[in-house]
Amino acid sequence: IELKDLTICDATQQMLAKARRDGVETQFDRAAGMKACPIGADSACCKHCFMGPCRLNAKDPYGKVGVCGANIDAIQARNFGRMVATGTACHNDHGMAMLDIFRDVVQGKIKDYRIKDVNKLVSISKEIGIETEDRSVQDIAMDLYHELEKTYTQVEGELPFAKRVPPKTLEMWRKHGIVPRGAMREIMEMMSRTHIGMDQDHTNLIKQICRTALADGWGGSMVATEISDILFGTPSPVSVEVNMGVLKEDHVNVIVHGHEPNLFESMLASVNAPSLLESANEAGAKGINLVGMCCSGAEVMSRHGIPHAGNFSSTEPILVTGAVDAMAVDVQCIQQGLVKVAECYETELITTNPRCHLEGATHIELDEHNPQKCTDEIVIRAISRFKNRKFPVEIPKKVGIGVHGFSHEYINYMLGGSFRASYTPLNENIINGRIRGVAGVVGCTNPRVKQDYVHVELVRELIKNDVLVVQTGCSQIALAKAGLTSPEAAALAGPGLAEVCETVGMPPVLGLGSCVDNTRILIACSEMVRTGGLGDSIADLPVAGAAPEYMSEKAIAIGQYFVASGVYTVFGVTFPVTKGTNFEKLLFEGLEEMGMGKWGFNPDPHEMARMMIAHIDKKRQALGI
Ligand code: BF8
């Protein structure tokens with residue numbers, strides 16, 4: 001396979017070429033060497049009990065049933081439900097880890113972090129009904145902790161952020177009995193109902209699938225975003241360099257990769273510690289260069305303008321530069337393949353979280369009560385690796401400069417101005433047609449498709465057609481590398497969108513942060529409904545979503561919570577259902593008939609754009625605009 005067919009990222013291409021010369025294997029080689037299992041790809045197999053595993057025939061989906069008699073719809077719905085449960089579990093696990101830190105900060109047990117955004121603490125507390133007048137920050141914060149803890153532990157009732165859902169959307173959820181209780185309860189029920197001999201009606205299972213996914217979007221993920229903003233600061237636009245060119249040959253290079261922002265925040269303190277800087281200088285380095293990757297990187301890029309070195313498919317290739325002295329990881333999207341590549345270049349690969357070890361990597365556990373002990377140790381190891389660098393270093397000289405850090409709060413301010421912060425100007429520009437609609441383009445990269453290509457082509461097509469694009473995660477990094485997150489990219493937008501961008505001075509592609517920050521899009525949608533003129537529920541809005549190169553179960557959970565919230569959501573790569581089945585029809589049509597959004601699938605970026613724009617136009621027409 002030619003390298004240009006694997007990725008449009010020049011830096012990654014250059015490193016893949018070097019990897020081939022060096023005899024180093026990456027996910028691209030492994031994907032080429034192993035065809036995706038066609039039965040699994042269609043979700044036509046079941047391995048939930050030991051009368052099987054059973055395989056059905058996707059070409060004749062109703063010709064056969066499993067040993068227990070389960071038909072293709074029950075099997076696919078159960079598989080889909082378990083993907084949603086896993087994705088929801090990951091985001092809740094992350095959100096709750098942030099909440100635990102928040103509690104210990106409020107109680108004074110953790111001293112390394114503090115409450116940075118008191119305004120946000122107060123406004124969120126107010127939103128969910130906590131008394132804030134004449135009370136101390138600590139008292140409000142403790143009440144907020146107890147209230148948000150319900151997001152995962154609550155046995156009965158509606159989760160706290162249900163209060164932020166537009167009333168019509170909430171009413172629809174209540175009608176179907178899908179307002180989430182606590183995430184633990186929903187995930188437990190999802191797992192139980194997908195056991196052999198449990199729920200075998202896909203039209204009933206779909207309700208628990210929606211409810212579980214909503215406990216992600218309006219639950220764990222939303223808690224992760226809001227608590228991280230309160231602790232580490234709410235993002236506002238900042239200019240950032242993105243791509244492998246952010247590595248510096250004459251510096252000690254430290255990469256943080258993973259998801260939870262606290263590791264990165266402590267690492268920031270460590271790389272700025274005078275004693276460590278001195279050691280780095282003594283080792284012959286000009287300084288310590290800290291950069292991020294994947295969602296860890298997206299969090300601090302948005303909050304502090306820290307350079308970002310690349311997205312998921314570049315995490316192995318970047319080690320091939322030989323310039324990475326340490327890669328510290330915490331949780332999620334840390335592929336085991338990193339261990340071997342790191343070994344080849346003697347890069348220190350260090351796991352830091354008790355729930356994510358890698359066989360063959362060094363584990364230095366991060367204790368939130370004394371986090372710098374861990375991060376200092378990592379920096380010391382990185383300095384020592386720098387001193388003993390044995391490999392020629394080759395850093396691709398590629399960087400894209402763009403603006404990132406568009407939180408919901410900032411969008412409000414940017415469009416409305418400091419005296420009348422609101423979404424009214426956005427809604428007005430949608431109503432007058434300058435902006436045709438809004439699209440969220442998010443998610444991973446996947447070696448089964450050309451890296452970054454589908455993201456970039458799709459976004460180009462959308463903005464050309466006056467669709468404002470909001471982004472998170474690895475997709476945002478793809479567009480940043482391609483230069484579309486800068487205000488100058490307005491030149492690539494259609495005339496209406498370009499005019500708005502030029503007036504406000506914003507790019508046509510707004511980077512909102514990491515994958516848990518997809519909840520910023522939910523909040524933006526809710527604000528658009530509340531502001532008026534665009535219908536009564538999220539399902540009425542001229543908006544659409546896409547994850548063009550997704551690879552993870554977390555992406556399926558995210559897609560499902562957007563669909564259940566009312567958003568048409570199109571995925572690329574492949575879709576885990578058998579074509580022509582009732583379950584496929586339920587996801588792609590039936591949910592919309594129930595008042596939600598619906599799923600779409602197309603691996604081609606231009607087709608994908610066409611489908612999203614057609615949906616936006618359909619919604620505009622229904623609104624009479
Ligand atoms: O949560 S986009 S590859 S890094 S799963 Fe992973 Fe996908 Fe990247 Fe962040 Ni999101």
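Start at the nickel atom of the ligand: in this predicted model, its site is irregular, with angles of 90 to 161° among the 4 donor atoms. How many donors does the protein supply to the nickel atom? Just a single one, the SG of Cys515, 2.2 Å away. Select Cys515 and follow the backbone either way; you're in the loop between strand 12 (509–511) and helix 20 (518–531).

Next, pick strand 11, residues 467–471. Buried or exposed? Mostly covered, with 5 of its 5 residues buried. Show the side chains: Val467, Val469 and Gln471 point one way, while Leu468 and Val470 point the other way, and all are buried. That fits a general pattern: in a regular strand, side chains alternate between the two faces of the sheet. Now add strand 10 (residues 437–441), which runs parallel to strand 11 and is joined to it by 5 bridges. To line the two up, find Ala439, which stands opposite Val469.

Time for the hydrophobic interior. The largest nonpolar core has 137 residues, and Phe102, Trp218, Leu462 and Leu587 are the ones with the most contacts inside it. Helix 9 (residues 202–232) gives the most to this core, 14 residues. Color by domain, too: domain 1 (72–232) and domain 3 (403–623) each put in at least three residues.

Zoom in on Trp218. Leaving aside residues up to four places away in sequence, its contacts include Leu159, Phe161, Trp173, Leu522, Ile538 and Ser565.

Last stop: apart from the 137-residue core lies another core, of 32 residues. Select Met293, Ala309, Val320 and Tyr345, which are among its members.

Key:
Residues numbered from 1 in each chain as written. Predicted model: local features only at pLDDT ≥ 70, side-chain atom pairs only at ≥ 80, totals over all residues. Heavy atoms only, no water. Core = buried A, V, L, I, M, F, W, Y, C linked by side-chain atoms within 4.5 Å. Buried < 20%, exposed > 50% of the residue type's maximum accessible area, 1.4 Å probe, protein only. Helix = DSSP H or I, 4+ residues; strand = E, 2+ residues; numbered from the N terminus. Domains from an automatic or database assignment. Contact = heavy atoms within 4.5 Å. Donors = N, O, S within 2.8 Å, 3.2 Å for Na, K, Ca; no water. Tetrahedral: all angles 85-135°; square planar, octahedral: opposite > 155°, others 65-115°. Pairing = 2+ DSSP bridges.
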